[in-house]
Amino acid sequence: MTSTKKWLGTLLGATLALGACSSVTDTRAATVNGDVISAGDLEDELLAIRENEGYRSAVERALTEQGLNVTGEGRGSFDTAFAARLLSLGVFFELVDQEASTRGLEVSAADMEDARPSTVASVGGEDVFAAFPEDYQQELIRRQALATRVQQAVAPSPGIEEARAYYEQNRAAFAAVCVSHIFVSAERGPDEARTRIDDLAAQLAQGADFRVLATEQSDDPAAAAQGGSLGCQARGSLLPAFEEVAFALPVGQISEPVETGAGFHLILVEDRRELPFEEVQEQVLETLERERVPVFVAFVNDLTCQAEVEVNPRYGTWTGACEDPQQEGRVLPPEGPAEAAPAPETPGFPGGGAERRGGG
């Protein structure tokens with residue numbers, strides 16, 4: 001989203017939820033369509049991140065380019081810009097909960113089990129995940145599972161019949177290119193590799209036989225044994241730069257030297273052919289899965305833009321006037337220095353009572 005999705009990515013994709021730990025205060029951080037996100041719950045979230053060293057370090061590395069930190073300059077304080085982003089996520093998850101309730105969606109034990117691997121991976125693996133409090137772990141999984149249920153309701157996963165229909169309408173996109181190549185490995189060093197591929201290209205230009213050079217001079221022994229042939233390949237199975245040239249090159253034509261991360265290639269397109277649905281079924285399904293993303297993004301943006309949200313001024317202000325379709329509603333941090341966190345002695349706010357409250 002530039003967006004909720006981006007913020008989730010910035011925070012390493014973790015579906016962090018508010019309300020995982022008990023709170024000793026009901027002071028409001030925000031209200032979302034009348035439902036409360038308490039300041040104590042937000043503080044519990046911040047403390048859980050701060051006290052998980054592995055996760056906090058990874059988040060801070062991810063945020064470095066944006067000049068953000070998790071913690072503020074004062075003892076026990078948090079960066080207000082980071083707190084605003086976390087509260088924005090809290091609003092997002094509250095909206096997901098509300099939408100699930102409206103649709104009558106619930107999370108089953110099977111949903112929780114399915115969501116656990118992706119939740120663990122999103123925070124950096126089992127060791128990092130285990131460093132969170134156990135009830136917080138379960139809440140993270142529940143939130144991931146519920147978000148998945150809502151996404152499935154809004155943009156259902158494609159079935160085989162839908163995939164087959166898409167394939168019939170887009171056969172050309174799933175064609176294969178049959179190619180051969182002469183390869184010079186990057187392991188030779190940049191200067192030697194470039195000189196060698198230019199020499200081989202010059203030999204071809206002077207009439208040398210492609211298959212002879214591919215067999216005798218290529219640094220790809222497997223392909224060399226087949227006269228340079230790589231067989232017929234669908235999109236997504238070749239190196240990007242190689243694939244771009246191979247699918248654009250006319251049949252029977254040899255390319256100029258093409259550089260990839262592996263080295264240099266001279267590419268000969270032998271043929272093109274359509275692949276039967278059975279061979280590309282997974283590729284078609286993956287394409288349709290990718291097309292679900294903007295549908296859900298638009299839905300989430302609409303939710304956050306239309307929501308009635310009030311934010312405690314200590315945390316910032318809510319902007320929900322989303323004239324840009326790529327920008328959803330969010331919490332803007334309070335004006336002033338990015339490190340200016342609320343006073344540590346103020347209970348219920350980032351840094352307030354940190355030593356007293358513990359991790360939640």
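# A guided tour, starting at Asn33

Select Asn33 to begin: this residue sits in the loop between strand E1 (28-32) and strand E2 (35-38). Keep in mind as you look around that you are viewing a predicted model. Asn33 is not a glycine, yet its phi is positive, at about 50°. Is Asn33 buried, partly exposed or exposed? Its relative accessible area is 38%, so Asn33 counts as partly exposed.

**Stop 1: a view of everything**

Now zoom out and show the protein as a cartoon. You can look for 14 helices and 9 strands. The protein has 360 residues, and buried ones make up 49% of them. Next, think about contacts between residues at least 6 apart in sequence: 69% of these join residues at least 24 apart. The next stop shows a pair that is far apart along the chain.

**Stop 2: Glu310 and strand E7**

Select Glu310, which you will find in strand E7 (residues 309-311). With a relative accessibility of 59%, Glu310 counts as exposed. Now add Val32 to your selection. The two residues are 278 places apart in sequence, but the distance between their C-alpha atoms is 6.9 Å. Which residues does Glu310 touch, if we leave aside its neighbours within four places in sequence? They are Ala29, Ala30 and Thr31.

**Stop 3: the two sides of helix H3**

Move on to helix H3, residues 53-63, and colour its buried residues: Tyr55, Ala58, Val59 and Leu63. These residues span an arc of only 130° around the axis, so they lie on the same side of H3. Here is a handy rule for reading such a pattern: an α-helix has 3.6 residues a turn, so residues three or four places apart point the same way. Now rotate to the face of H3 turned away from the buried side, where you will see the exposed residues Glu53 and Arg61.

**Stop 4: Thr119, and where H5 meets H7**

Select Thr119 in helix H5, which covers residues 109-123. Is Thr119 buried or exposed? Thr119 is buried, as its relative accessible area is 1%. Not counting residues up to four places away in sequence, Thr119 touches Phe129, Leu140, Ile141 and Gln144.

Now show helix H7 (residues 134-154) together with H5; their axes come within 8 Å and cross at roughly 105°. At that angle, H5 and H7 are therefore roughly perpendicular to each other. To see where they meet, select Asp111, Met112, Ala115, Arg116, Ser118 and Thr119 on the H5 side. On the H7 side, add Gln138, Leu140, Ile141, Arg142, Gln144, Ala145 and Arg149. Colour this contact by class and you will find 5 nonpolar, 4 polar and 4 charged residues.

**Stop 5: helices H9 and H10**

For another helix pair, select H9 (residues 190-205) and H10 (residues 210-217). They pack at an angle of about 150°, and their axes are 10 Å apart. H9 and H10 are therefore roughly antiparallel to each other, and H9 passes H10 in a right-handed crossing. From H9, the contact uses Arg196, Leu200, Gln203 and Leu204, while H10 brings Phe210, Leu213 and Gln217. By class, the residues in this contact of H9 with H10 are 4 nonpolar, 2 polar and 1 charged.

**Stop 6: helix H12 and what covers it**

Go to helix H12, residues 240-248, and highlight its buried residues Phe242, Glu243, Ala246 and Phe247. They cover an arc of only 115° around the axis, so they are on the same side of H12. The face turned away from that buried side carries the exposed residues Pro240, Glu244 and Ala248. Now show the strands: the cover over the buried residues of H12 includes strands E3 (175-185), E4 (229-234), E5 (258-259) and E6 (263-274).

**Last stop: Val269**

Finish with Val269, a residue of strand E6. Its relative accessibility is 0%, so Val269 counts as buried. Add Ala246 to the selection: Val269 and Ala246 are 23 residues apart along the chain, with 6.5 Å between their C-alpha atoms. Ala246 is also one of the residues that Val269 touches, not counting those up to four places away in sequence. Others to select in this set are Val177, Cys178, Val179, Leu249, Pro250, Val251, Gly252 and Gln253.

Notes: Residues are numbered from 1 along each chain as its sequence is written. This is a predicted model: local features need pLDDT of at least 70, side-chain atom pairs count only at pLDDT 80 or more; totals for chains, interfaces and linings use all residues. Side-chain values use heavy atoms; hydrogens and water are left out. Helices (H or I, at least four residues) and strands (E, at least two) are DSSP runs, numbered from the N terminus. Buried means under 20% relative accessible area, exposed over 50%, partly exposed in between (1.4 Å probe, protein chains only). Contact means heavy atoms within 4.5 Å. Axes are lines fitted to C-alpha atoms, for helices over the stretch in contact, and angles run from 0 to 180 degrees between N-to-C directions. Angles under 35 degrees count as roughly parallel, over 145 as roughly antiparallel, 65 to 115 as roughly perpendicular and the rest as oblique. A crossing is left-handed if the near helix is turned anticlockwise from the far one by less than a right angle, and right-handed if clockwise. Ala, Val, Leu, Ile, Met, Phe, Trp, Tyr, Cys and Pro count as nonpolar, Asp, Glu, Lys and Arg as charged, and the others, Gly among them, as polar. The arc is that of the directions from the helix axis to the C-beta atoms.
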